[in-house]
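Student: Hi! I've got a structure open and would like to talk through it with you. Could you take a look with me?

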Amino acid sequence: MKYWLRLPLSGGSAWKAVTRAWIAMSSYVIMPASAMTRRMKIKLIDFGVPEDRRPFRPHGNDVGADVYIPYDCTLQPGRIAKVPLGLGIEVPGGYAGYVFPRASMAEKGLVCELPPVDSGYREEIHAIISNISSQTQELSKGSRVGQLVIPRLSADFVSELGKQRGTDGF
């Protein structure tokens with residue numbers, strides 16, 4: 001198996017933050033060469049999203065695809081909005097979709113919650129946006145509200161429960 005050394009040292013402001021975090025943990029990331037070139041096609045289900053507002057990855061190496069708000073929205077401090085995105089996705093088994101917050105929104109106190117879009121879900125997906133700031137926030141129709149990310153998940157849960165560790169926590 002061929003391995004490539006991937007240094008996360010280029011890209012936009014989001015990559016700079018990720019790069020700093022990775023460098024703090026280690027100076028490099030090693031991954032199989034096949035992981036660098038593997039692409040997956042995700043089928044979109046149309047629930048009224050305009051063609052120019054479908055999920056879009058501005059750069060080929062972006063992890064997430066931008067998603068857009070379909071209408072103007074005012075979000076009061078401490079409130080949560082369930083924003084329909086006008087689309088659904090067919091996620092393969094072993095994967096899940098998430099709408100991650102954009103850094104530019106998060107710095108204003110607007111964050112996307114992360115309920116998973118499971119592989120069997122075929123309805124319209126929503127961005128769940130919380131205003132954790134102390135100010136009213138305005139979101140304009142057509143603004144990018146999050147990034148649709150589809151990571152591979154692997155967890156095997158067993159039916160036998162062992163001795164619980166850390167039972168004093170929450």
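Tutor: Happy to! One place to begin is a salt bridge between the side chains of aspartate 66 and arginine 102, with an N to O distance of 3.9 Å. Keep in mind that this is a predicted model.

Student: Where do aspartate 66 and arginine 102 sit along the chain?

Tutor: They belong to distant parts of it, 36 residues apart. Aspartate 66 is in strand E4 (residues 65–68), while arginine 102 lies in the loop between strand E8 (98–100) and helix H3 (103–106).

Student: And are those two, aspartate 66 and arginine 102, buried or exposed?

Tutor: Both aspartate 66 and arginine 102 are buried. For aspartate 66 the relative accessibility is 3%, so it falls under the 20% limit for buried.

Student: Which arginine does aspartate 66 form a salt bridge with at 3.2 Å?

Tutor: That is arginine 144, with 3.2 Å between the closest N and O atoms. This pair also links distant parts of the chain: arginine 144 is in strand E12 (residues 144–149), 78 residues away from aspartate 66 in strand E4.

Student: Why does arginine 144 count as partly exposed?

Tutor: Because its relative accessible area is 38%, and partly exposed covers the range between 20% and 50%.

Student: Okay, how many salt bridges does the structure hold?

Tutor: Four. Another of them pairs arginine 122 with glutamate 90, where the closest N and O atoms are 4.0 Å apart.

Student: Where are arginine 122 and glutamate 90 in the fold?

Tutor: Arginine 122 is in the loop between strand E9 (110–112) and strand E10 (126–131), and glutamate 90 is in strand E7 (residues 87–90). The two are 32 residues apart and link distant parts of the chain.

Student: What are the relative accessible areas there, starting with arginine 122?

Tutor: Arginine 122 has 34%, so it is partly exposed. Glutamate 90 is partly exposed as well, with a value of 28%. Salt bridges with shared partners also bring in Lys43, joining Lys43, Glu90 and Arg122 into one network.

Student: Switching topic: where is serine 133?

Tutor: Serine 133 is in the loop between E10 and strand E11 (137–139). With a relative accessible area of 19%, serine 133 is buried, because the cut-off is under 20%.

Student: What does the side chain of serine 133 reach?

Tutor: One partner is the backbone oxygen of glutamine 135, at 3.0 Å. The side chain of serine 133 also makes a polar contact of 2.7 Å with the side chain of asparagine 131.

Student: Which residues does serine 133 contact, leaving aside its neighbours within four places in sequence?

Tutor: Those are Pro77, Gly78, Lys108 and Gly109.

Student: How many disulfides turn up?

Tutor: Zero, in a search of the whole structure. As for cysteines, cysteine 73 has a relative accessible area of 11%, so it is buried. Cysteine 112 counts as buried too, at 5% relative accessibility.

Student: Last thing: where is confidence lowest and where is it highest?

Tutor: Strand E1 (residues 3–6) is lowest, with a mean of 38, and E10 is highest, at 95. Residues 1–37 have pLDDT below 50, and beyond near neighbours in sequence that stretch has 33 contacts in the model. For the protein as a whole the average pLDDT is 78, and 71% of the residues score at least 70.

Technical notes:
Residues are numbered from 1 along each chain as its sequence is written. This is a predicted model: local features need pLDDT of at least 70, side-chain atom pairs count only at pLDDT 80 or more; totals for chains, interfaces and linings use all residues. Side-chain values use heavy atoms; hydrogens and water are left out. Helices (H or I, at least four residues) and strands (E, at least two) are DSSP runs, numbered from the N terminus. Buried means under 20% relative accessible area, exposed over 50%, partly exposed in between (1.4 Å probe, protein chains only). A polar contact is a pair of N or O atoms within 3.5 Å; within protein, one must be able to donate a hydrogen and the other to accept it, and residues adjacent in sequence count only if both atoms are side-chain atoms. Contact means heavy atoms within 4.5 Å. pLDDT is the predictor's confidence in each residue, from 0 to 100. A disulfide is a pair of cysteine sulfur atoms within 2.5 Å.
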